[in-house]
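Student: I should like a close look at a single part of this structure, with enough of its surroundings to place it in the whole. Please give the residues concerned and the supporting values.

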Amino acid sequence: MPVTPAHDFPSDLLAGQEELHQVRSVLLALLKRLPWSVEPLDGFSDTGGWRKVERPASPGWTPDEQAEVEKLRRREKELAVFVTCHGYWEQVSGPDAVTARARLKHVHETPESSLPASH
């Protein structure tokens, strides 16, 4: 069975994938901004290993920051389950399913004509 073109994905599946990308982007930006440790910890320096590792003291995350990360992670999981378990995937199998999943992941950023063709 040939892969359904990207524009033929169900609208709820496209919306779920787009929201998943957005949630992951927001979560990644938040994690980059937060201190390296959730709990307050002293800084450290390890120069004896094969790679030098240094961390400044971490004040830890506030309860609001912890709640925001948890909320985003929970939503990310919900969306990942929604996208991967969507009924659409019953229509495709084998290599076509792999190609279709790749198309879905990138449909918001890459024109369909530049994606690999289905075999």
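Tutor: The answer begins with the overall fold, turns to the loop between the first helix and the first strand as the part chosen, and then moves to the salt bridges and the pocket.

The model is predicted, and every value below is computed from it. The protein contains three helices and two strands, which follow one another along the sequence in the pattern α-β-β-α-α. Of its 119 residues, 25% are buried. The protein exposes about 8200 Å², and carbon and sulfur atoms account for 56% of that area. Among contacts between residues at least 6 apart in sequence, 60% join residues at least 24 apart.

The chosen loop can be followed residue by residue. Pro 35 lies in the loop between H1 and E1. With residues up to four places away in sequence left out, Pro 35 touches Ser 58, Pro 59, Gly 60 and Trp 61. One of these partners, Pro 59, is 24 residues from Pro 35 in sequence, yet their C-alpha atoms are 7.0 Å apart in space. Pro 35 has a relative accessible area of 22% and is therefore partly exposed.

Ser 37 belongs to the loop between H1 and E1 as well. Its contacts, again without residues up to four places away in sequence, are Ser 58, Gly 60 and Trp 61. Pro 35 has Ser 58, Gly 60 and Trp 61 among its contacts, and these residues also touch Ser 37. Ser 37 counts as buried because its relative accessibility is 8%, whereas Pro 35, at 22%, is partly exposed. The cut-off for burial is under 20% relative accessible area.

Leu 41 shows another side of this loop, which runs between helix H1 (11-33) and strand E1 (44-46). Leu 41 is partly exposed, because its relative accessible area is 42%. Together with Trp 36 and Phe 44, Leu 41 forms a nonpolar patch on the surface, and the three residues share about 280 Å² of accessible area. The loop thus holds a buried residue, Ser 37, and a partly exposed one, Leu 41, with a place in the surface patch.

Helix H1, which precedes the loop, also takes part in ionic pairing. Side chains of opposite charge can pair when their charged atoms come close. Six salt bridges are found in a search of the whole structure. In one of them, the side chains of Arg 75 and Glu 19 meet at 2.9 Å, N to O. This pair links distant parts of the chain, with Glu 19 in helix H1 and Arg 75 in helix H2 (residues 63-84), 56 residues apart. Arg 75 is partly exposed, because its relative accessibility is 31%, and Glu 19 is likewise partly exposed, at 28%.

Arg 75 also forms a salt bridge with Glu 78, where the closest N and O atoms are 3.0 Å apart. Arg 75 and Glu 78 are three residues apart in helix H2, so about one helical turn separates them. Glu 78 counts as partly exposed at 42% relative accessibility. Glu 19, Arg 75 and Glu 78 are thereby linked in a network of salt bridges.

A further salt bridge joins Lys 52 to Glu 54, with 3.8 Å between the closest N and O atoms. Lys 52 counts as exposed because its relative accessibility is 55%, while Glu 54, at 46%, counts as partly exposed.

Helix H1 contributes to the largest pocket too. This pocket has a volume of about 160 Å³. H1, H2 and helix H3 (94-106) each supply at least two residues of its lining, and the largest share, four residues, comes from H1. The lining consists of Gln 17, Leu 20, His 21, Arg 24, Ala 80, Val 83, Thr 84, Trp 89, Arg 101, Leu 104 and Lys 105.

Read together, helices H1 and H2 are linked by the salt bridge between Glu 19 and Arg 75, and both helices supply residues to the lining of the largest pocket. In the loop that follows H1, Pro 35 and Ser 37 have contacts that include Ser 58, Gly 60 and Trp 61, whereas Leu 41 is part of the nonpolar surface patch.

How values were computed. Residues numbered from 1 in each chain as written. Predicted model: local features only at pLDDT ≥ 70, side-chain atom pairs only at ≥ 80, totals over all residues. Heavy atoms only, no water. Patch = residues over 30% accessible without salt bridge, like charges linked within 9 Å, V, L, I, M, F, W, Y side chains within 5 Å. Areas by Shrake-Rupley, 256 points an atom, 1.4 Å probe, with all protein chains shown as cover. Salt bridge = Lys/Arg side-chain N within 4 Å of Asp/Glu carboxyl O. Buried < 20%, exposed > 50% of the residue type's maximum accessible area, 1.4 Å probe, protein only. Contact = heavy atoms within 4.5 Å. 1 Å grid on protein atoms, 1.4 Å probe; cavity = no way out; pocket = protein on both sides within 12 Å on 5 of 7 lines; lining within 4 Å. Points joined across faces, edges and corners; volume = space filled by probe spheres on them.
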